[in-house]
Amino acid sequence: MPPEESTVVNDYDLLADTYTRWSDTEIQNAYYERPAVLALAGDVTGRRILDAGCGAGPLTVALRDRGAEVSGFDLSSGMLDIARERLGPDVDLRVADVAEPLPYADNAFDDVVASLVLHYLEDWGPTLGEFHRILKPGGRLIVVVDHPFAIHLLQRQAGQQTDYSATYEWTETWEIDGRTMPMSFWNRPVHAMTDAFTAAGFRIAVLSEPKPVPEAEKLFPEDYRMLCVSPSCLFFVLHSE
């Protein structure tokens, strides 16, 4: 039988269980993105940290285990149900949309982590403005985004006539548990990212293109070699000014 089709875009409620199992163990999240974020965050003992777009909460858990006071939000209630199971009732987890005003007070956090979140947005300005508002002066925003040239190169190799200098929406189809569903993202060049950060009142402290952790080489030898020579993400540490 052909896969059952879903027309709902970016339906993480439908994906919650399967996506969580996958991201907990595969190289992209478990051995590349999350370790790099934790390394950039450094010693977080006693820091109040918001995990923006926290999903099922693996990064939120890791930050809490390192001594941070964590909060998180996500648009998917299904993903947040899993995060609550992991984190317990005492952690502040909320359903919220990263594209809308956020339900937090001014100067509430020492750090905001937005890992693989901004690529769902056409316009970063309002969201970055909200992050700036809820951060303490001098606070940090740690951002992970799809590497724009990696996305551009993959699409060109697939025969699409994309323009690296443009900000454009792209879609692909995921097949999960016998269902197919559309996933939609926005790609933009690096200069558009840095311009948006500066316009929102952030100073770029770090721009990083790390490799996966060494443990991944034996588990995922081909993917490990590919990520070492062609990083799939960009990592930023920004300071609120």
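Searching the whole structure, which is a predicted model, turns up eleven salt bridges. A few of them are worth walking through, partner by partner.

Take Asp 24 and Arg 86, whose side chains meet in a salt bridge with an N to O distance of 2.3 Å. Asp 24 sits in the loop between α1 (12–23) and α2 (27–41), while Arg 86 belongs to helix α4 (residues 77–87), so this pair ties together parts that are 62 residues apart in sequence. As for how open the two partners are, Asp 24 has a relative accessible area of 29%, so it counts as partly exposed. Arg 86 is partly exposed too, with a relative accessible area of 29%.

Next up is the salt bridge between Asp 111 and Arg 47, where the closest N and O atoms are 2.7 Å apart. Here again distant parts of the chain get linked: Asp 111 is in strand β5 (residues 109–115), Arg 47 is in the loop between α2 and β2 (48–52), and 64 residues separate them. Is Asp 111 buried or exposed? With a relative accessibility of just 1%, Asp 111 counts as buried, because anything under 20% falls into that class. Its partner Arg 47, on the other hand, comes out as partly exposed, at a relative accessible area of 24%.

Helix α4 also holds a salt bridge of its own. Arg 84 pairs up with Asp 81, and the closest N and O atoms of this pair are 3.6 Å apart. Both residues lie in α4, three residues apart, which is about one turn of the helix. Arg 84 is partly exposed, with a relative accessible area of 35%, and Asp 81 is likewise partly exposed, at 44%. Elsewhere, salt bridges with shared partners bring Arg 47, Asp 111 and Arg 140 together into one network.

Moving on from charged pairs, what about helix α6? This helix covers residues 148–157, and its buried residues are Pro 148, Ala 150, Ile 151, His 152 and Gln 155. What do the buried residues of α6 pack against? Their neighbours include three strands, β6 (135–146), β7 (168–176) and β8 (179–187). Helix α7 (190–199) and strand β10 (233–240) are also packed against by these buried residues. After α6 comes Gly 159, and its phi is positive, near 95°.

Technical notes:
Residues are numbered from 1 along each chain as its sequence is written. This is a predicted model: local features need pLDDT of at least 70, side-chain atom pairs count only at pLDDT 80 or more; totals for chains, interfaces and linings use all residues. Side-chain values use heavy atoms; hydrogens and water are left out. Buried means under 20% relative accessible area, exposed over 50%, partly exposed in between (1.4 Å probe, protein chains only). Helices (H or I, at least four residues) and strands (E, at least two) are DSSP runs, numbered from the N terminus. Contact means heavy atoms within 4.5 Å. A salt bridge is a side-chain nitrogen of Lys or Arg within 4 Å of a carboxyl oxygen of Asp or Glu.
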